[in-house]
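Dear colleague,

Please find the structure below, handed over for your review. A short account of the findings follows it.

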Amino acid sequence: MADLSSYSNMPFEPPKAQPSSGCATVLLVLVGLLVAVVVLVLVVGMVLWPLMQQNAQPQRSQAVGRALPRLELVGLTGDADRITLADLAGKVALVNFWGVWCPPCREELPHIAELHQRYAKRSDVSILAVSCPRGLNEDIEQLRRETERHLNVNRIDLPTYADPNQVTRLAFDELERFSGYPTTILIDRGGIVRAVWVGYRPGVEREMQRQIETLLAE
């Protein structure tokens, strides 16, 4: 018979429960999901952060520093009248190409109207909102009706212009590819493009105002 006396003072330890395979599987799944979420956040951040940085300032455009070769706009709504590049000599001009069919354009337009009101009493500043159709069909009367309807429904007080035959847009395209709406061009007193914004983000109108004030101070 075995001598049990040597074990008499050892504390009793109940057998350790083994983790079930089901619990281990759930734990592994949760860890895997957590890792996937972290990776997704990192990837999204890597993609969006450069875009956010790019949109935070005027676009680096080949057009900046070059003279806009042509500008020919006709009055569309309000008291807007025909304007050519010669009419802008000695003025700082902000030219905003937008469309009623374009969601970011519609979001930006009230801020363009605010800039127009801010500089309405200055003869050396022009804020030009150019309403553009969705496609190549440039029915001016239809464009006028759609633009007036949008302005009235949204209570936006802003004269607007049309760019028949895309003369001004094609002129800009000679300097830098016209890539989408809204596109806003800032021109100095000498007709030189000084800044370009493509697309819209909240607060960009403040950057436009700062750039206008900088040019006025020169």
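Which two side chains meet in a salt bridge at 3.8 Å, N to O? In this predicted model, they are those of Glu138 and Arg169. Glu138 lies in the loop between β4 and α3 (140–153) and Arg169 in helix α4 (residues 167–175), so the salt bridge ties together parts of the chain 31 residues apart in sequence. Glu138 is partly exposed, with a relative accessible area of 24%, whereas Arg169 counts as buried at 5%.

Arg169 also forms a salt bridge with Asp163, at 2.9 Å from N to O. Both of these residues are buried.

In total, 9 salt bridges were found in a search of the whole structure. Another of them joins Asp124 and Arg189, whose closest N and O atoms are 3.5 Å apart. This pair links distant parts of the chain, 65 residues apart: Asp124 is in the loop between α2 and β4, and Arg189 is in the loop between β6 (183–187) and β7. Asp124 counts as buried at 16% relative accessibility, while Arg189 is partly exposed at 30%. Together with Arg122, these two residues are linked in a network of salt bridges.

Turning to the interior, the largest nonpolar core has 26 residues, and Leu94, Leu109, Ile112, Ile127, Leu186 and Ile212 have the most contacts inside it. At least two residues of this core come from each of β3 (92–98), α2 (103–118), β4 (125–131), β7 (193–198) and α5 (204–217). A second, separate core has 22 residues, including Leu88, Phe97, Leu128 and Val196.

With kind regards

Methods:
Residues are numbered from 1 along each chain as its sequence is written. This is a predicted model: local features need pLDDT of at least 70, side-chain atom pairs count only at pLDDT 80 or more; totals for chains, interfaces and linings use all residues. Side-chain values use heavy atoms; hydrogens and water are left out. A nonpolar core is a set of buried Ala, Val, Leu, Ile, Met, Phe, Trp, Tyr and Cys residues joined through side-chain atoms within 4.5 Å. Buried means under 20% relative accessible area, exposed over 50%, partly exposed in between (1.4 Å probe, protein chains only). Helices (H or I, at least four residues) and strands (E, at least two) are DSSP runs, numbered from the N terminus. A salt bridge is a side-chain nitrogen of Lys or Arg within 4 Å of a carboxyl oxygen of Asp or Glu.
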